[in-house]
Amino acid sequence: MAERRTPNRKLLGVMIAAAVTIMATGAALLTGGTAQAATTAGCGKAPTLRDGTYTIQSGGRARTYNLRLPGNYNSGQAYRLVVGLHWLNGSANDVVGNGFYGLQQRSANSAIFIAPQGLDAGWANTGGRDVTLVDDILRTVENDLCVDTTQRFALGFSYGGAMSYALACARPTVFRAVAPIAGANLSGCSSAAQPVAYFGIHGTRDSVLNISQGRSLRDSFVRANGCTAQNPPEPAANSGTHITTNYSGCRAGYPVRWAAHDGDHVPLPTDRNASSSWVSTEVWQFFTSLGSTTPSSPGPSGPVPSASSSSPPPGPAACRVSAKVNPWNTGLTAEITVTNTGSTAVNGWSLAFTLAQGQSVSSGWNATFTPLSGRVVASNVAYNAAVAPGASVSFGFQATHTGDSGAPTAYTLNGATCTTA
């Protein structure tokens with residue numbers, strides 16, 4: 001008869017403690033086959049940090065940062081974390097003042113925001129001192145607060161854009177994505193060999209940091225992310241518009257997006273006749289489309305991707321469509337809103353419509369398009385496939401035209417004819 005052995009309770013206790021430590025320090029857990037957030041030591045702890053300005057020792061000197069928590073902060077929830085970086089002669093208070101480039105309001109209490117203060121009101125990053133500062137801030141904050149370590153982001157304008165680029169170069173496994181606005185290689189780049197999701201924004205008439213410098217930053221991550229090189233379209237002078245392009249061929253989970261606007265050196269450019277900047281909307285959509293390991297399909301606009309074979313099969317639909325067209329010279333943008341007027345949810349949609357003679361889609365957002373002229377079919381992407389009864393979904397595109405800038409006609413959703421508003 002085999003001898004029955006009593007487990008060594010001390011050893012068992014050590015094993016259990018080790019398992020708990022692994023979970024607390026951020027190992028990804030699987031529940032029902034779904035990856036959960038990789039969390040920090042601050043999860044489950046009563047926080048000591050609150051909204052305010054804090055001093056930290058970094059690199060042998062006192063440095064400061066501003067912290068903003070979600071209004072309903074819960075230590076049992078792992079939050080996104082966004083680092084907002086100020087411009088030359090700006091301050092962390094300025095970043096707080098503009099709502100972290102508008103992202104704080106967009107976040108709807110789903111993110112923790114940090115604004116570090118640069119030395120001499122800039123980000124020279126001499127000897128990597130500013131990268132080290134961010135390391136030290138993250139270590140302090142994440143020991144006290146609950147953060148999803150797969151959802152850290154950075155953005156900034158001008159010198160702050162340069163610093164966000166430096167963070168992508170130096171900490172590719174720390175930051176999920178960065179969004180430099182009117183940036184240049186001013187804070188150094190220790191290496192751009194590893195992929196990081198990248199959204200570059202720059203004005204074609206930037207009189208401080210020429211757009212060629214922004215293109216150079218972008219192209220380093222086009223290469224690192226394995227994207228197909230291209231010269232994305234940029235808006236014509238005096239068009240008062242912007243064009244956003246998603247690069248094709250990028251490594252799964254590491255998209256590159258580029259937005260060029262017809263403007264100068266500004267942090268929050270606004271299209272002509274628009275009441276607010278498009279930057280916060282597009283950047284927040286880009287950040288939140290990125291999953292822990294692989295992001296969902298690209299959002300606002302890009303070289304038009306082909307229809308995805310993995311989209312849910314279209315179901316029956318009843319619909320109402322409204323369209324807003326903004327034309328100029330030989331181009332236009334169209335924003336289309338589709339409302340589900342039926343009594344059942346639509347799970348996977350394809351909206352067919354007819355373009356005016358001479359129109360051809362050149363880029364789009366929140367949908368895939370095929371073909372690019374004539375009778376076009378716009379299909380959902382991964383993050384907007386489901387439309388509940390009474391709910392709406394919006395997408396848009398940019399097109400060229402030869403004189404007729406009229407709105408699309410003859411809409412059908414999953415084969416059902418739509419009414420127009």
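Let's start at a spot on the outside of this predicted model: Arg139 is exposed, with a relative accessible area of 54%. Its partner is Asp136, and the two side chains meet in a salt bridge, with 2.7 Å from N to O. Asp136, at 14% relative accessibility, counts as buried, because the limit for that word is under 20%. Both residues belong to helix α4, where they stand three residues apart and are therefore separated by about one helical turn. Here a general rule is handy: an α-helix has 3.6 residues a turn, so residues three or four places apart point the same way.

Stay with helix α4 for a moment, and look at Asp130. This residue forms a salt bridge with Arg63, and the closest N and O atoms are 2.9 Å apart. Arg63 lies in strand β4 (residues 61-68) and Asp130 in helix α4 (residues 129-144), so this pair ties together parts that are 67 residues apart in sequence. Are these two partners buried or exposed? Arg63 and Asp130 are both buried.

How many salt bridges does the structure hold? There are seven. Another of them joins the side chains of Arg215 and Glu234, at 2.9 Å from N to O. This pair links distant parts of the chain: Arg215 is in helix α6 (residues 211-224), while Glu234 sits 19 residues away in the loop between α6 and β10 (242-246). Arg215 is partly exposed, with a relative accessible area of 27%, and Glu234, at 25% relative accessibility, is also classed as partly exposed.

Next comes a charged residue without such a partner. Asp148, in strand β7 (residues 147-157), is buried yet has no salt bridge. The nearest side chain of opposite charge belongs to Arg80, 7.1 Å away. Why does that not count as a salt bridge? The nitrogen and the carboxyl oxygen have to be within 4 Å for that, and Arg80 is 7.1 Å away, so the pair does not qualify. What Asp148 does have is a polar contact of 2.7 Å between its side chain and that of Thr150.

Positive charges can also be found over aromatic rings in this model. The charged end of Arg176 sits over the ring of Tyr254, 5.2 Å from the ring centre. In a second case, the charged end of Arg218 sits over the ring of Trp258, 4.6 Å from the centre.

Aromatic rings also pair with one another, and the count comes to 16 aromatic pairs. One of them is formed by Phe286 and Phe287, a tilted pair with 6.4 Å from centre to centre and 50° between the planes. Phe286 is buried, with a relative accessible area of 1%, and Phe287 is buried too, with a value of 0%. For a stacked example, turn to Trp349 and Phe395: their ring centres are 5.7 Å apart and their planes are at 25°, so the pair is stacked. Trp349 lies in the loop between β15 (346-347) and β16 (350-354) and Phe395 in strand β21 (residues 392-400), so the pair ties together parts that are 46 residues apart in sequence. Trp349 and Phe395 are both buried. They also belong to a cluster in which ring pairs link Trp349, Phe353, Phe369, Phe395, Phe397 and Tyr411.

The Phe286 and Phe287 pair leads us to helix α7 (residues 279-288), which is mostly covered, with eight of its 10 residues buried. Among the buried ones are Val279, Val283, Trp284, Phe286 and Phe287.

Now for a sheet. Five strands form an open sheet in the order β18-β19-β16-β22-β23, with antiparallel pairing. β18 (368-370) and β23 (416-417) stand at the edges, each with a single partner strand, so one side of each is left without a neighbour in the sheet. The partner of β18 is strand β19 (residues 375-379), and the two pair in the antiparallel sense over three bridges. In this pairing, Thr368 stands opposite Ser379 in β19.

Finally, two backbone angles deserve a look. Most residues other than glycine have a negative phi. Tyr101, however, has a positive phi near 60°; this residue is in the loop between α2 (92-97) and α3 (103-107) and is buried, with a relative accessible area of 0%. Asn329 has a positive phi of about 30° although it is not a glycine. Asn329 lies in the loop between β13 (319-328) and β14 (331-340), and at 70% relative accessibility it counts as exposed.

How values were computed:
Residues numbered from 1 in each chain as written. Predicted model: local features only at pLDDT ≥ 70, side-chain atom pairs only at ≥ 80, totals over all residues. Heavy atoms only, no water. Buried < 20%, exposed > 50% of the residue type's maximum accessible area, 1.4 Å probe, protein only. Helix = DSSP H or I, 4+ residues; strand = E, 2+ residues; numbered from the N terminus. Pairing = 2+ DSSP bridges. Phe/Tyr/Trp six-rings, centres within 6.5 Å; stacked < 30°, edge-to-face > 60°. Lys NZ or Arg CZ within 6 Å of the ring centre and 35° of its normal. Lys, Arg positive; Asp, Glu negative; His and termini not counted. Polar contact = N/O pair within 3.5 Å; in protein donor to acceptor, adjacent residues only side chain to side chain.
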